[in-house]
Amino acid sequence: PSVYNQQVLTDLEKASIVVFTPSRRIGGKRVVCYDDRYILKLAVETDGIVVSNDNYRDLMNESDKFKMVVEERLLMYSFVNDR
């Protein structure tokens, strides 16, 4: 399926603001990495902020660095009408 406003995502990726998780095809099937772990690992490596409504409970205790990202650099969001 096409992505609405895909050019916006492409521009954000080029500006290193958005990072897509890697995926590949094996035997005709799309295989994706465990994106939650990838997201937290990237946040640790880049001192990044994670914008997500995921609580990452399953990964918080995997490492002290993951726990720190979840506790201190997780930005949860909500949409209210057109805002």
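## A nonpolar surface patch

In this predicted model, a nonpolar patch on the surface is formed by I49, V51, L75, Y77 and F79. Together, these residues have about 580 Å² of accessible area.

One member of the patch, I49, is located in the loop that runs between α2 (35-46) and β3 (50-51). The relative accessibility of I49 is 60%, so this residue counts as exposed.

## Salt bridges in the structure

Two salt bridges are found when the whole structure is searched. Side chains of opposite charge can pair when their charged atoms come close.

## The pair R37 and E62

One salt bridge joins the side chains of R37 and E62, with a distance of 2.8 Å from N to O. This pair links distant parts of the chain, as the two residues are 25 residues apart. R37 belongs to helix α2, whereas E62 lies in the loop between α3 (57-60) and α4 (64-72).

R37 has a relative accessible area of 34% and is therefore partly exposed. E62 likewise counts as partly exposed, because its relative accessibility is 42%.

## The pair K41 and E45

The side chains of K41 and E45 also meet in a salt bridge, at 2.9 Å from N to O. Both residues of this pair lie in helix α2. K41 and E45 are four residues apart, which is about one turn of the helix.

How exposed is each partner, K41 and E45? K41 is partly exposed, with a relative accessible area of 46%. E45 has a relative accessible area of 52% and is exposed, since the cut-off for that class is over 50%.

Technical notes:
Residues are numbered from 1 along each chain as its sequence is written. This is a predicted model: local features need pLDDT of at least 70, side-chain atom pairs count only at pLDDT 80 or more; totals for chains, interfaces and linings use all residues. Side-chain values use heavy atoms; hydrogens and water are left out. Patches are made of residues with over 30% relative accessible area and no salt bridge: like charges are joined within 9 Å, nonpolar side chains (Val, Leu, Ile, Met, Phe, Trp, Tyr) within 5 Å. Accessible areas come from the Shrake-Rupley method with a 1.4 Å probe; for residues, only the protein chains shown count as cover. A salt bridge is a side-chain nitrogen of Lys or Arg within 4 Å of a carboxyl oxygen of Asp or Glu. Buried means under 20% relative accessible area, exposed over 50%, partly exposed in between (1.4 Å probe, protein chains only).
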